[in-house]
Structure formats: C-alpha cells, structure tokens
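Me: Hi! Could you walk me through the pockets, cavities and helix packing in this one?

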Amino acid sequence: MHMDFAERVTRVEPSATIAISNLAAELEANGVDVVDLSVGEPDFDTPENVKDAAKEAMDAGNTGYTPSDGIPELKDAIVEKLHADGLTQYESENVLVTPGGKQALYEVFQSLIDDGDEVCLLDPAWVSYEAMVKLAGGSLTRVDTAAHDFDLEPALDDLAATVSDETEILVVNSPGNPHGSVYSDAALEGVRDLAVEHDITVISDEIYKEITYDGREATSLGTLEGMADRTITLNGFSKAYAMTGWRLGYFAGPEELVGQAGKLHSHSVTCAVNFVQHAGVEALRNTDETIEEMCAAFEQRRDMLVDLFAEHGKDVPEPEGAFYMMLPVDGDDQDWAEKAVEQAHVATVPGSPFGTPGYVRLSYAASRERLREGVERLAEADLL
C-alpha cells in the first residue's frame, strides 16, 4: 500500500540533534566508546526533593487528568516565578502548562501563524523553530549574528533591515541554543523598538534563563516598556531543573492566546502529567541552591573548554549562558561532524541546521574528564 503523506510533514527534516545522537547510539551499540557532546541534556540527576514530590503526589492519588491548562498550584508557582523575574503582567489566566517547553512553542506557532505569515529568526537558532514555522505554513526571514560572535547588539541594523510591517513574529532566545549568548539590555531594547514600530509579536524563549555565568542575569524581554502585551514568554523545567524526561513546560501570554492555544492543547495532549505538575511546584519553589551548584559546574567546564581549544589554536566565542559552545571548523560542517563521530568517536551537531554553517555545536553537559577526552580525540584526528 502506498501512502500519500501530508504536504506539511514533508516540509521539514528530522531534528539534526537527534540524527547525530542516533548515529552515536548506533556506534555505542556496537561497543564503540563515544564522547557524546550532541544532546542538550544536563548530566545531573533530577533533584531528590523534586523526585520525592512526584512520589508523594502519586501516593496521594494524583494520577488522573488535571485541568487542561494545569493544576492551580503549579500555575500559582509559575506566576510567582514570573513576577519575581519582573513579569508582573502575567496572572494565572495568562499561563498554559504543557508537556514540555517544545509543546508550548508548537501550540503558540499553530495558534498565531497562517499560511505565508512571516517569522524572523536570529541565527544561529534552535533547529525546531524553523520546523515548527514550516509545519504551521509560515515563511522565514533570518538575521545572522555569527559575524559578531553571536552578540545581537551589533546585529541590530541587520535586524532592522530584515523585519517589516509584514513580520508577524520574532523569536528571541536568550540565553540561547546553540550559541550560549545572553543578549544585553541594549540589544533587547533594540528588539523592543522594532517590535513596537512594526507591531510584531515576540516570543521570548527563556528555557535557559537560570543558567548564566560570570554574575550575568538574563533580562526577560517582557519586562521592557512597551513589551508587556506583545511578548509571549516561554519556559520549562528540562534544563534548569534537570527534568528533561519529565516533559513539563509552559508559556505565558495574552489571555486570548491562552484560550485559542488551549483548544489545540485540549484536542491533542489534553494536559501535562498530573504528578509531574506537582513535582514542578517543588522545583520552582525549593531548588535555588541546586541550580546554583549546577551553574557553577557548567561555568567551570566552559572555562576549561575555552582554554583547551585555545591550546590547539581555536578561538571560540565564550558562552555567557546555557551549556553550549559553537566551535568554528574548517570545510563543510556536516562533513566535519560526521568525521568527528566516525573517526574520533566524538558526537557534535553541525551548525548548518541552526542557520550557521562553518561551526559545530558542542554541549558541555558532560563531565570534565569526558570533555577533555573529547578535545584530545578531535586533536588526534586532525580535526582541530
């Protein structure tokens, strides 16, 4: 039997990060030791108090359906966090809880984008942004920040030349995947000015907001004057709380968007897992010390990698947040990444799917020993 697939599915390719990870998994299944620096997943276990909260919730019988938009306790905890970040425009009715931050983003795009609607991305941009826009039928414009070591502020003129009254959505991810940059207040103010001028809705993806270095803090875009009613703030629990497999996220935005996205939500995923939502309450309220310890470890690893690459003559832009580093490579980045995993047994992700050819992304969510070994293997394979 021949199946005719929907055109919207054929618009997109499988995730580049997952593809490399699968190749590494195949090698490992054949007994090869692979230093896997391809997947954006903290190498820390979920905090014990969060796991305990989930167990207690299960024991208490919280295993059934919840209100589709989230349990009141979690929505209240999310609002507390948003207010602490200065996002006082959001209340419980402005929040939709989802099974993972990715689902939140998917629902926002599906609710706001019609065929041909223009979405602007800041490259390098997380690979799923492009795929989700295409699935919604939207078109893409892009602004490259690679020439500025992934700093947005010096690229504002390029952004101004790219967006227009036709731009429906601009996506901002700070701290960002794959670049690790934390955009300055001046850069965000430039975004604000353009968004107001052209009446653009901005998605502020803040999934890495708690993971910053050198005393820096990431400003929430929605706190800027003029952005309260045009910013959709997206976050989740996977990164800062080491809860990737728990699948819990949320977005906050205008009440009418929550209502429209809620229709899609109710007819697809119904709700996030009940006892996981209870664990989310604990994560938001009682894990500050754990997050600080994790960030300190990531910062030490970043510093070590910068020094190791410098020893091999590689100058890498120093990330200010998240746990990724963009490594400039010679030649085609896809070929380089394939050689890295096949010859050096080090898994990375090509920069091209992020919109930035000539680089590969490394995740330093791995032990210092494995990171050091990965660099040594790349050097021995003449890839540095």
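Reply: Happy to. One definition to begin with: Ala, Val, Leu, Ile, Met, Phe, Trp, Tyr, Cys and Pro count as nonpolar, Asp, Glu, Lys and Arg as charged, and the others, Gly among them, as polar. Also keep in mind that this is a predicted model.

Me: Got it. By class, how does the lining of the largest pocket split up?

Reply: That lining has 11 nonpolar, 12 polar and six charged residues.

Me: And how much space lies in the largest pocket?

Reply: About 600 Å³. There are 29 residues lining the largest pocket, and the closest to its centre are Gly 40, Lys 102, Trp 126, Lys 239 and Arg 247.

Me: Which element gives the most to that lining?

Reply: Helix α5 does, with three residues. At least two residues each come from α2 (16-29), α5 (101-112), α6 (127-135) and β7 (231-236).

Me: Nice. What about the second largest pocket, how much space lies there?

Reply: The second largest pocket holds about 490 Å³. Its lining counts 20 residues, and Lys 209, Glu 210, Thr 212, Glu 217 and Ile 291 are the closest to the centre.

Me: Which elements give two or more residues to that lining?

Reply: Those are α10 and α11 (288-311). The largest share, four residues, is from α11.

Me: And how does the second largest pocket divide by class?

Reply: Its lining has nine charged, seven nonpolar and four polar residues.

Me: Changing topic: how many cavities of 30 Å³ or more are there?

Reply: The structure has two of them. The largest cavity has a volume of about 60 Å³, and the second largest cavity about 30 Å³.

Me: Which residues line the largest cavity?

Reply: Leu 122, Pro 124, Ala 125, Trp 126, Tyr 129, Val 171, Val 172, Asn 173, Asn 177, His 179 and Tyr 183. Strand β5 (residues 167-173) provides the largest share, three residues. By class, eight are nonpolar, three are polar and none is charged.

Me: And what lines the second largest cavity?

Reply: You'll find Val 172, Ser 174, Leu 188, Ser 204, Glu 206, Thr 219 and Leu 221 there. That makes up a lining of three nonpolar, three polar and one charged residue. Val 172 is on the list for the largest cavity and on this one.

Me: OK, helices now. How far apart are the axes of α4 and α10, and at what angle do they pack?

Reply: The axes of α4 (residues 72-84) and α10 (residues 274-285) are 9 Å apart, with a packing angle of about 25 degrees. The two helices are therefore roughly parallel, as angles under 35 degrees count that way. Their crossing is left-handed.

Me: Which residues meet there?

Reply: From α4, Glu 73, Leu 74, Asp 76, Ala 77, Ile 78, Glu 80 and Lys 81 meet Gln 277, His 278, Gly 280, Val 281, Leu 284 and Arg 285 from α10. The contact divides into five nonpolar, three polar and five charged residues.

Me: You mentioned α11 earlier. At what angle do α11 and α13 pack?

Reply: Helix α13 (residues 368-380) packs with α11 at about 20 degrees, and the axes are 10 Å apart. That makes α11 and α13 roughly parallel. The crossing here is right-handed.

Me: And which residues are in that contact?

Reply: On the α11 side, Gln 300, Arg 301, Met 304, Leu 305, Leu 308 and Phe 309 meet Arg 368, Leu 371, Arg 372 and Val 375 of α13. By class that gives six nonpolar, one polar and three charged residues.

Conventions
Residues numbered from 1 in each chain as written. Predicted model: local features only at pLDDT ≥ 70, side-chain atom pairs only at ≥ 80, totals over all residues. Heavy atoms only, no water. Axes fitted to C-alpha atoms, helices over the stretch in contact; angles between N-to-C directions. Parallel < 35°, antiparallel > 145°, perpendicular 65-115°, else oblique. Left-handed = near helix turned anticlockwise from the far one by under 90°. Contact = heavy atoms within 4.5 Å. 1 Å grid on protein atoms, 1.4 Å probe; cavity = no way out; pocket = protein on both sides within 12 Å on 5 of 7 lines; lining within 4 Å. Points joined across faces, edges and corners; volume = space filled by probe spheres on them.
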